[in-house]
Amino acid sequence: MEIYLDNSATTRQHDEVTEKMSEIMKECYGNPSSLHRMGLDAEKVVKEARKNLASSIGASPEEIFFTSCGTESDNTALFGSLKKNKRKIITTRVEHPAILEPCKRLEEMGYEVSYLDVDRDCNISLDQLKSFLTEDTALISVMAVNNEVGKIFPLKEIAKIRDQVDKSILLHTDAVQALGKMDLKVSGVDLMSASAHKIHGPKGMGMLYVRQGVNIKPYILGGGQEKHFRSGTENVPAIAGFGLAAKMAEPVDPSLKEYLKKGLLDGLDDILINSPLDSISSILNVSFLGTRGEVILHSLEQEGIYVSTGSACSSNKAAKGSHVLEAMGLSFKEIEGAIRFSFSNYNTLEEMDYVLDKTINAVKRFRKLGAFR
């Protein structure tokens, strides 16, 4: 049996998406910038995908720009939003590295970055946000959903606070874990990043929503594709796959997460549920005290179950532990024992029974070995 529960790292590509991309590669391989029929056919494919993405977030097609990934979209939003007379950025301590690493670079370049703290439930303080806002603020960047614990952030309330202070301050959200899984049409943001491979689309394809009237500088210069905003020949097959994946996207069945959470709480003592009540249905983060998450991960892998200990994009820094759980106030031992289960609608409740059995046994077995030492 093989059960994939690492969907926050990447998802299985829909068969329909694969078939669509294969069809485009074989029959519609023209350059969308070419003026002949083959080019125009490719351009139509791009337009259809742009329309699908726009519809999924309540935007107009003219506000959607294709990129190579969510990371590029995040970097473009940050570096493109800064102005000579506004040199301050506000973000959170629990953002994805695609935001935190550019922020470090900007600090080295002389920009000021203020980091919002979070509490044990990963809540930010709106009062702290108000205290950080100054006339020098260019951008607020707060993720829609945290990739490790699933916390849903109050973008609408953040937008209201921004409007009360200065409507010219841009509001960006990394919606990589939110697109297709929750309603983003009322978020009130100016910029939004997303990625195809988190919603059963292809890897290496992202998008950036830029609200009409917002002007930010291009990050990649060259031939002027994407209305001179993102140069480089469009990856037409991947764009088509992204558009179809967005059209097919739907929230993950919450019963999967709730069933697994209840079963773990019933079957084991000394565990912490790190995903707050207001977390998305696709992510459950649990600390199994008295264990090491990495050992449990590999024990489950031997049983055909695939999970993670945190963000796949920062797994090479695992020795330092999760910066998200650390910011939430967890101890080293609590962080060390953390596992992230992340679901898709390809998962079933029957699979959760198998996962519960193998996880509970793995944790109990490790704890017995630990007691021996």
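**View 1. Lys261 and Glu258, a salt bridge within helix α8.** In this predicted model, K261 counts as buried, because its relative accessibility is 15% and the cut-off for that class is under 20%. Its partner E258 is partly exposed, with a relative accessible area of 41%. The two side chains form a salt bridge in which the closest N and O atoms are 3.6 Å apart. Both residues lie in helix α8, which spans residues 254–267, and they stand three residues apart, about one turn of the helix.

**View 2. Glu336 and Lys333, a salt bridge within helix α11.** E336 and K333 are joined by a salt bridge, with 3.7 Å between the closest N and O atoms. The two residues are three residues apart in helix α11 (residues 332–336), so about one helical turn separates them. K333 counts as exposed at 56% relative accessibility, whereas E336 is partly exposed, with a relative accessible area of 23%.

**View 3. Arg93 and Asp117, a salt bridge between two loops.** The structure holds 20 salt bridges, and one of them brings together the side chains of R93 and D117, at 2.7 Å from N to O. This pair links distant parts of the chain, 24 residues apart: R93 belongs to the loop between β3 (88–92) and α4 (97–108), and D117 to the loop between β4 (112–116) and α5 (126–132). R93 is partly exposed, with a relative accessible area of 39%, and D117 is likewise partly exposed, at 36%. Elsewhere, salt bridges link R162, D163, D190 and R211 in a network.

**View 4. Two aromatic pairs that link distant parts of the chain.** The count of aromatic pairs in the model comes to two. In the pair formed by F65 and F229, the ring centres are 4.6 Å apart and the planes stand at 45 degrees, so this pair is classed as tilted. F65 lies in strand β2 (residues 64–67) and F229 in the loop between β8 (206–210) and α7 (236–248), with their positions 164 residues apart in the chain. Both F65 and F229 are buried. The pair of F79 and Y219 is stacked, with 5.8 Å from centre to centre and 15 degrees between the planes. Here F79 comes from helix α3 (residues 70–81) and Y219 from the loop between β8 and α7, 140 residues apart. F79 is partly exposed, with a relative accessible area of 22%, and Y219 counts as partly exposed at 39%.

**View 5. Arginine side chains over tyrosine rings.** The charged end of R12 sits over the ring of Y346, at 4.2 Å from the ring centre. In a separate place, the charged end of R87 sits over the ring of Y111, at 4.0 Å from its centre.

**View 6. Strand β12 and its partner β10.** Strand β12 (residues 338–342) is mostly covered, with five of its five residues buried. A338, R340 and S342 point one way from the strand, while I339 and F341 point the other way. Strand β10 (residues 283–288) runs antiparallel to β12 and is joined to it by five bridges. In one of these, L284 has F341 of β12 as its bridge partner.

**View 7. Thr359 in helix α12.** T359 is found in helix α12, which covers residues 349–372, and is buried, with a relative accessible area of 0%. Leaving out residues up to four places away in sequence, T359 touches L264, F288, L300 and F341. The C-alpha atoms of T359 and I305 are separated by 9.3 Å, although the two residues are 54 residues apart along the chain.

**View 8. Ile140 and the nonpolar cores.** In soluble globular proteins, nonpolar side chains tend to be buried together. The largest nonpolar core of this model has 63 residues, and those with the most contacts inside it are I57, I140 and F242. When neighbours within four places in sequence are set aside, I140 is in contact with I90, L129, L133, I158, R162, I169, L170, L171 and H172. Apart from this core lies another, of 26 residues, which includes I3, L264, L300 and M352.

Technical notes:
Residues are numbered from 1 along each chain as its sequence is written. This is a predicted model: local features need pLDDT of at least 70, side-chain atom pairs count only at pLDDT 80 or more; totals for chains, interfaces and linings use all residues. Side-chain values use heavy atoms; hydrogens and water are left out. Rings of Phe, Tyr and Trp (its six-membered ring) pair if their centres lie within 6.5 Å; planes under 30 degrees apart count as stacked, over 60 as edge-to-face and the rest as tilted. Helices (H or I, at least four residues) and strands (E, at least two) are DSSP runs, numbered from the N terminus. Buried means under 20% relative accessible area, exposed over 50%, partly exposed in between (1.4 Å probe, protein chains only). A charge sits over a ring if NZ of Lys or CZ of Arg is within 6 Å of the ring centre and within 35 degrees of the ring normal. A salt bridge is a side-chain nitrogen of Lys or Arg within 4 Å of a carboxyl oxygen of Asp or Glu. Two strands pair if DSSP finds at least two bridges between them. A nonpolar core is a set of buried Ala, Val, Leu, Ile, Met, Phe, Trp, Tyr and Cys residues joined through side-chain atoms within 4.5 Å. Contact means heavy atoms within 4.5 Å.
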